[in-house]
Amino acid sequence: MFLIERCEWLAPDIKRFQIRAPRVAQKFQPGQFVIVRVHDHGERIPLTIADADPVAGTITLIVQGVGKTTKLMNRLADGQPIRDVVGPLGNPSQLHRYGTVVVIGGGVGTAIAYPTALGLLRAGTRVVAIIGARTASLLIMEDEMRAASQLLIVTTDDGSRPGPRLVTDALYEVMKSEPKIDLVLAVGPIGMMRAVADMTRPHGILTRVSLNAIMVDGTGMCGGCRVVMGHQTRFACVDGPEFDAHQVDYDLLAQRNRAYREMEQESLRRFEQHPDWDMQWVAEQCRLAERHPEILVNPNTPPNSEAH
Amino acid sequence: MNDLSPKARMSLPRQSMPAQPADERSHNFSEVNLGLSVLQAHQEALRCLECTHPRCTQGCPVGVKVKDFVALIAAGDLLAAAAKLREDNVLPAITGRVCPQEHQCEGACILGKRLAPLGIGYLERFVSDYEREHGVHTQAAKVPTTGKRVAIVGSGPAGLSAAGDLAQRGHAVTVFEALHEPGGVLIYGIPEFRLPKEIVRAEIENLRRLGVAFETNVVIGKTVTIDELLGTEGYQAVFIATGAGLPKFLGVAGEHLAGVYSANEFLTRINLMRADQFPDYDEPVFDCRRRTVAVVGGGNTAMDAVRTALRLGAARALLIYRRSEVEMPARREEIQHAREEGVEFLTETVPKAFVGNEQGLLRSIQCIRTEPGPPDRSGRRRVQPIADSEFEVPAEIAVMALGTGANPLIQASTPELATDARGYIAADPETLTTSRPHVFAGGDIVTGGATVISAMGAGRRAAAAIHAHLLMPDSKSDG
């Protein structure tokens, strides 16, 4: 089991977790994700890793409470264990030294875009960051993104912050003022990523998006996360999660992501009426972790790590 | 003791396996076969002709000494029979249930020339169940520990059998599993009604008692690489037994509609994630009730998927197979069970396209009839479509059970690990050595999709080869 060392609210419904997962922390590269199962009756969901500290052996996840599992996760507190965390999965972002890169984060997508922005900046790339949210109180990681870019533009759909309302409005301005953009990376809702792709396509600007397909195992075994690129089928878990934004069949992705909508709503309704049913599973694994602390520390610690 | 004359033995009928009635079991996930009674097992054991050169043992991929363990059943010493079985087979309660005995031990049985072959699978299952239900754990004699550490990648049948054999030889074994529960295909793939998970867990517990360590949630190639296992992690040998985990699709239109699953996904959602118990378990699966579920394929996985659909309440469960029923690669028993339970067979048929509604949900499958064509290079007849034979089958859920390909995670992260043209790891068929020193590979990741028992056979050969390798003076030192 994997201990939550610290967690804190970043915005309403958005929480940051530091989770002890030494092996994942050792290997993490920006762009990669983990699959999490909160308790024994839980589903497996992919969550992109926002940051990692290989020395402390922790990874950072930023979770927006949208469905049952993410809302359940956001009820967890410091010192509680998560049943399963596996990763890092997927391919890392390519952190070359580009001339200028525009990194766009929409909503909680900002958390996913952040480590790549930082990696690009450290590689010597000029990073222009655009982050957006529905309203100012939902903006996350503004300070981090400012530190990971030469220029940060903040957008709010409702105009609660001065400036452009949509990330595409901001991108339009950047495209006008920047003489040459080598890459645009967009992470956020499907509609946003599609809109960005539509804007950059006529200009031939290389554009990449990180796709949040539904997954089960995350290792290429089930094919549930298949996405279509041009005429080719790809698995988001092992071939992605980043893809050429101009090739993605967004309609198909949106349809497949809606496939379980009714069941997801039923699950969420049940959880909101009886959160105690799930919190019992959590309490049970807390007791287990108290009785057998070794299952918290050991499972993901290399056995002879002290020797090296 | 078996005092019967050969003639008397041959006059005994083969015992039939008690099973849940078809109309009952098609609505529940409890095991279909109920197992022989003690009396039945004894009667069956008496049928063995105790050949001087038993062909059954040769027919078994792990060389189980059938004659010896069956004789112990005839003599009434059931626990000794179980111990004898375990000398060659570390997972007998599993193989007794899922082996294609008709092509292996029973297919070779001399009785089968004129009569029904000895019920070896039934007897194997019987003694290992007897052992487990009586809480007895046959423990091999403790051997001195060698101080050598072996990492096994994957906890399916190949990995588990190698782990058992290596632990019995005194090596320290760790099995790495990518999912959250060990067992591989035995847990995520084969359904409860054919292989109860309690049995898999009991066999894994037996291995733990032998000293085997399991580490779940580790994807070798991602979380840890093969090079790290042999380096910082301090293992002297690695056995790659990841299975062939990459689902195949037909490549026809509409295959990505919601409601079209790979068999791996459909079965994993139910077997591993218990989507059949949604919303008590969170993972969902499409509701099969009052709907038509069509499974494409003719192997054991296809049978598992289509019979699972019935148990999930499908109004119609269809099996679409491109060849004829006799050519289906599934075990005979599974085909028969599926038929009894009400699965409809649509043979000599292939899907041409999947058709959805405006929400992208599957609504029907366009099919075309096939006929046998000229033989291919392997001698198997090709399948060719019959012109103008298209027809449409209404279906809301489709499951593609077309076999699997090579999952590339390990190959991609392990430099200089040679693969064949299809991406499977190249390994010597006998010694299972790969192009990398200290790295062995076996099971489906080498051969492509095969059976539980052939993977176990590979696990055994790997264990023997790794044992020999570790005892060589120039093998990798303990670092």
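## A salt bridge to start with

Let's begin at the spot where A:K68 and B:D282 come together: their side chains form a salt bridge, with 2.7 Å from N to O. Keep in mind as you look around that this is a predicted model.

That pair has company, since the interface of chain A and chain B holds 5 salt bridges by the rule used here. Polar contacts turn up as well: 26 residue pairs make them between chain A and chain B, counting pairs with both residues at pLDDT 80 or more.

## Where the two chains meet

How many residues does each chain bring to the contact? Chain A puts in 52 and chain B puts in 50. Together the two chains bury about 4200 Å², and 53% of that area is on carbon and sulfur atoms.

Now for the side of chain A that touches chain B. Several elements supply at least two residues each, among them helix 1 (22–27), helix 2 (68–73), strand 14 (232–235) and helix 9 (261–273) of chain A. Strand 7 (84–89), strand 13 and helix 8 of chain A are also on that list. The one that gives the most is strand 7 of chain A, with 6 residues. Sorted by class, this side of chain A is made up of 19 nonpolar, 18 polar and 15 charged residues.

## The largest cavity

Next, the spaces inside. Searching the whole structure turns up 8 cavities of 30 Å³ or more, and the largest of them has about 150 Å³ of space. Which residues lie nearest its centre? They are A:G224, A:R256, A:A259, A:Y260 and B:E265, out of 19 lining residues.

Both chains have a hand in this lining. From chain A, strand 13 (226–229) and helix 8 (250–257) give two or more residues, and from chain B, strand 6 (260–262) and helix 14 (263–271) do too. Helix 8 of chain A gives the most, with 4 residues. In terms of class, the lining of the largest cavity has 12 nonpolar residues, 3 polar ones and 4 charged ones. Two of these elements are worth a second look: strand 13 and helix 8 of chain A also supply residues to the side of chain A that touches chain B.

## The second largest cavity

The second largest cavity comes in at about 120 Å³. Its lining has 15 residues, and those closest to the centre are four cysteines and an isoleucine: B:C48, B:C51, B:C56, B:C109 and B:I110.

Two elements give two or more residues to this lining, namely helix 4 (55–59) and helix 5 (66–74) of chain B. What classes do the lining residues of the second largest cavity fall into? There are 12 nonpolar and 3 charged residues, with no polar ones.

## Some backbone details

A couple of cis peptide bonds are worth finding in chain A. One joins A:G87 to A:P88, with omega at about -5 degrees. A:P88 sits in strand 7 of chain A, the strand that gives the most residues to the side of chain A touching chain B. Another cis bond runs from A:G240 to A:P241, where omega is near 5 degrees. A:P241 belongs to the loop between helix 7 (236–239) and strand 15 (242–244) of chain A.

Over in chain B, have a look at B:N217. Its phi is positive, about 60 degrees, although B:N217 is not a glycine. You'll find B:N217 in the loop that links strand 3 (213–215) and helix 13 (226–230) of chain B.

Key. Residues are numbered from 1 along each chain as its sequence is written. Chains are lettered from A and ligands numbered from 1 in the order in which they are written. This is a predicted model: local features need pLDDT of at least 70, side-chain atom pairs count only at pLDDT 80 or more; totals for chains, interfaces and linings use all residues. Side-chain values use heavy atoms; hydrogens and water are left out. On a 1 Å grid over the protein atoms alone, a cavity is a set of points where a 1.4 Å probe fits but cannot get out, and a pocket is an open set with protein on both sides within 12 Å along at least five of seven lines; lining residues have an atom within 4 Å of a point. Grid points are joined across faces, edges and corners, and a volume is the space filled by probe spheres set on the points. Ala, Val, Leu, Ile, Met, Phe, Trp, Tyr, Cys and Pro count as nonpolar, Asp, Glu, Lys and Arg as charged, and the others, Gly among them, as polar. Contact means heavy atoms within 4.5 Å. Buried area is the accessible area (1.4 Å probe) that two parts lose on being put together, summed over both. A salt bridge is a side-chain nitrogen of Lys or Arg within 4 Å of a carboxyl oxygen of Asp or Glu. A polar contact is a pair of N or O atoms within 3.5 Å; within protein, one must be able to donate a hydrogen and the other to accept it, and residues adjacent in sequence count only if both atoms are side-chain atoms.
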